Amino acid sequence: MKFHRKQKIKRFYKKSIWPSIILFLVFLGSCTGMVLTCMFTFQAYLINTKIADMHEDARNLGRMVDQHTQENNETIFEAVSFIQAYLEEDKDICITDADDQVLKYYGKTMPDFGRAENVQLINPYQLIPDLNMAGGERQLLLTFPELFWRSIEALKKSSYEDNQWMDEPLFHTYYWVEVPIRMQDYHLYYRGSMTIVQKNIFFMNVAILAQLVCLGVPTIFLFWNVLSSIAMQKRLVNQLYQDPVTEGNNWCHFIEQSRKILKKSKNANHTYAVVNLHMLRFQDYCACNGSKEGDALLKKIDGYLRVNMDRGETCARFSKADFGLLLHCRSVELCEKRLKKLLVELTGVKKDKMMSFSAGIYLLRPAANRKERRRRQIDLNQVYHFASAARSSIRGKEGEHIKIFDQQILQEQLWKHKVEERMEAALAAGEFQMYLQPKFHPVTEKIVGAEALVRWISPEDGMIPPGRFIPIFEENGFITKLDDYMISEVAKLQSEWKINGRKQVPISVNVSRVNFVKADLAEHICRLVDGYGAEHAGIELELTESAFLGNKNMLQKILQELKMCGFCLSMDDFGAGYSSLNSLKDLPIDVLKLDMDFFRGDGSKERGEIVVKETIRLAKSLHMKIVAEGIEKKEQVEFLAEQGCDMIQGYYFARPMPVSEFNERAERDV
């Protein structure tokens with residue numbers, strides 16, 4: 001999902017930026033084309049006009065020569081000599097033979113047609129004049145940009161008070177123009193001049209400047225808009241890849257950067273570690289120092305991690321106080337050593353605060369096939385969750401802070417997934433069955449009660465021990481449905497005993513601490529029990545001591561309501577924690593179940609017996625019944641009988657059994 005999100009971001013970025021850039025380039029090219037077209041069109045028009053004037057003069061002169069030779073029967077030399085004397089302006093005229101050998105010239109200048117580079121010739125017979133010299137490569141005129149800048153320089157130098165500044169010449173040159181005549185044995189040329197003055201291009205200059213200004217304003221505006229769009233898109237992309245808390249890289253960037261590193265062919269034969277780094281008790285830190293201090297701490301941790309990343313490695317915050325790292329591992333031992341050092345150094349990020357960290361590792365080893373130049377597609381999110389599962393497996397284990405993901409953890413994850421997939425269907429199919437473990441009187445050794453225990457009998461996996469599914473249900477919340485099922489089964493059994501005239505004994509059933517967040521728990525349990533018509537007094541609700549560590553005021557209110565409804569209340573695993581005595585003082589407990597750990601171990605037997613003896617005496621003083629569970633030896637039974645224990649539960653008397661077997665044994669005890 002993260003990879004697809006990254007691709008969408010790239011496509012969004014390209015789609016957002018390139019249209020603006022392309023539009024700007026098209027507009028800029030159009031403006032440039034318009035200006036250049038205007039300039040060269042005017043240049044061609046100006047030159048054509050000047051040359052057309054010279055062609056007209058040449059044709060007039062040719063008509064005069066032809067008329068004079070025909071009317072007066074004169075040679076071309078006599079006609080040209082006569083006409084040249086009466087021209088308004090003195091013009092240099094030249095007569096050549098058919099091979100352009102000069103026969104005679106009039107004026108001060110004679111062309112040397114043998115050296116074409118010295119002669120600029122315009123052929124009047126061409127509709128579009130040839131702007132190159134005859135046989136040469138020199139340009140006839142200056143280009144328009146050169147004329148334009150000469151005009152600007154002339155404007156700077158001229159005085160605007162002088163009315164003659166418009167006639168100031170910008171360019172002047174001479175050309176030999178061929179005169180069309182009817183005599184095929186002769187060629188006639190005259191030397192004309194071309195002059196471009198300020199007024200010839202002034203208005204065109206003004207028009208081009210106005211055009212540049214008019215087009216320049218939207219061009220600058222559009223260019224600024226493109227730059228703004230690029231900057232905005234970069235800020236947007238940066239925000240998409242920036243963690244809002246640490247202001248460093250976020251998880252999306254981590255996934256993409258890790259994928260780039262792993263896909264490089266040069267890294268295909270290297271081992272990498274995907275690490276889940278977790279700060280322990282971060283919520284406690286925030287509770288003591290405030291959420292702002294918590295964010296500042298996360299920012300500091302992120303900065304420290306980034307500084308300690310080598311080239312080809314990356315890191316980012318995943319969520320809350322969890323960070324993801326991609327580390328290059330030269331060996332597993334060096335990787336663990338580096339992480340241990342990192343965890344130790346992180347504890348000193350805040351010198352005045354003690355912090356602790358744990359880490360889970362998933363190793364990405366080189367491809368099995370050495371011919372593969374790149375790693376195959378890796379689901380980095382799944383890999384990171386494997387690393388997180390490895391870290392979770394050492395939760396609560398003293399002295400363990402780093403764990404590498406292995407097959408055992410994978411099997412546990414697969415089992416958890418399997419349980420969560422099947423739990424709803426298993427409950428509906430009746431795969432959860434109620435077993436009863438009898439409670440015996442320590443003197444008469446007769447059944448005086450029972451504890452309802454759940455067993456999962458799966459058609460596929462057989463009998464599944466509670467330890468393999470109860471913790472999963474407590475974590476995902478399904479335990480509340482299982483509690484309702486067990487309470488209903490106990491109520492149903494009590495009702496059957498009553499209807500069949502069997503001896504009824506109290507049955508205790510566990511109520512998970514998860515249920516004690518419900519303000520209407522007492523009313524809910526009453527509905528379950530009353531649905532079968534069972535008596536409330538025959539049902540004992542067991543609470544583990546962990547339930548007493550929550551909201552004590554709400555717990556006390558719920559227990560008082562259950563007590564008023566007629567239920568018997570029991571504290572399970574008494575002595576497993578540290579808040580039991582305080583709970584006994586404030587809460588309406590009827591039965592106290594001693595934890596089995598009191599009766600295990602030989603080195604502390606005497607001290608354990610003292611604790612048990614005093615606990616029983618305390619319970620009797622508070623008018624509570626005592627149940628000892630986990631009893632496996634005869635001497636334990638004898639000791640408890642001497643101390644006045646009310647009930648004993650354990651393998652010494654009986655293991656948990658199906659309801660039918662319990663009924664048979666109870667009948668034998670009657």
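A salt bridge is a side-chain nitrogen of Lys or Arg within 4 Å of a carboxyl oxygen of Asp or Glu. The structure discussed here, which is a predicted model, holds 31 salt bridges. Several of them will serve as landmarks after a survey of the whole protein.

The protein is built with 18 helices and 20 strands. Of its 670 residues, 44% count as buried. Its exposed surface amounts to about 37400 Å², and carbon and sulfur atoms supply 53% of that area. When contacts between residues at least 6 apart in sequence are considered, 67% join residues at least 24 apart.

Salt bridges offer individual examples of links between separate parts of the chain. In one of them, the side chains of R338 and E313 meet with N and O 2.8 Å apart. R338 belongs to helix α8 (residues 332-346), while E313 is in the loop between α7 (291-307) and β7, so this pair ties together parts that are 25 residues apart in sequence. How exposed or buried are the two partners? R338 is partly exposed because its relative accessible area is 26%, and E313 counts as buried because its relative accessibility is 10%.

A second salt bridge joins R422 and E460, whose closest N and O atoms are 3.7 Å apart. Here R422 lies in helix α10 (residues 407-428) and E460 in the loop between β12 and β13 (462-464), so the pair ties together parts that are 38 residues apart in sequence. With a relative accessibility of 18%, R422 counts as buried, because the limit for that class is under 20%. E460, by contrast, is exposed, with a relative accessible area of 57%.

A third salt bridge is formed by the side chains of E451 and K593, at 2.9 Å from N to O. E451 is in strand β12 and K593 in strand β17 (residues 591-594), so the pair ties together parts that are 142 residues apart in sequence. Both E451 and K593 are buried. They also take part in a network of salt bridges, in which they are linked with K439, E540, E542, D572 and E629.

Strand β12 (residues 447-458) also contains R455. Which side chain of opposite charge is nearest to R455? It is E451, but the distance is 8.6 Å, and R455 is buried yet has no salt bridge. The reason is the cut-off: a salt bridge requires the nitrogen and the oxygen to be within 4 Å. Beyond its neighbours within four places in sequence, R455 is in contact with E431, F432, Q433, Y435, M463, P466 and P656.

Helix α17 (residues 634-643) shows how burial can be arranged around a helix. Its buried residues are Q636, V637, F639 and L640. These residues cover an arc of only 165 degrees around the axis, which puts them on the same side of α17. The pattern can be understood from the general geometry of such elements: an α-helix has 3.6 residues a turn, so residues three or four places apart point the same way. The face of α17 turned away from the buried side carries the exposed residues K634 and E642. After α17 comes G644, with a positive phi near 85 degrees.

A positive phi also appears at residues that are not glycine. Most residues other than glycine have a negative phi. R281, however, is not a glycine and has a positive phi of about 55 degrees. R281 is located in the loop between β6 (271-279) and α6 (282-289), and it counts as exposed because its relative accessibility is 55%. K320 is another such residue, with a positive phi of about 45 degrees although it is not a glycine. Its place is the loop between β7 (314-319) and β8 (322-329), and at 56% relative accessibility K320 counts as exposed.

Two further sites complete the tour. P366 lies in the loop between β9 (357-364) and α9 (380-392), where it counts as partly exposed at 34% relative accessibility. The C-alpha atoms of P366 and Y272 are separated by 8.5 Å, although these residues are 94 residues apart along the chain. The other site is on the surface, where V102, Y105 and M110 make a nonpolar patch of about 250 Å². Of these residues, Y105 is found in strand β2 (residues 102-106) and is partly exposed, with a relative accessible area of 37%.

Technical notes. Residues are numbered from 1 along each chain as its sequence is written. This is a predicted model: local features need pLDDT of at least 70, side-chain atom pairs count only at pLDDT 80 or more; totals for chains, interfaces and linings use all residues. Side-chain values use heavy atoms; hydrogens and water are left out. Patches are made of residues with over 30% relative accessible area and no salt bridge: like charges are joined within 9 Å, nonpolar side chains (Val, Leu, Ile, Met, Phe, Trp, Tyr) within 5 Å. Accessible areas come from the Shrake-Rupley method with a 1.4 Å probe; for residues, only the protein chains shown count as cover. Helices (H or I, at least four residues) and strands (E, at least two) are DSSP runs, numbered from the N terminus. Buried means under 20% relative accessible area, exposed over 50%, partly exposed in between (1.4 Å probe, protein chains only). The arc is that of the directions from the helix axis to the C-beta atoms. Lys and Arg count as positive and Asp and Glu as negative; His and the chain ends are not counted. Contact means heavy atoms within 4.5 Å.
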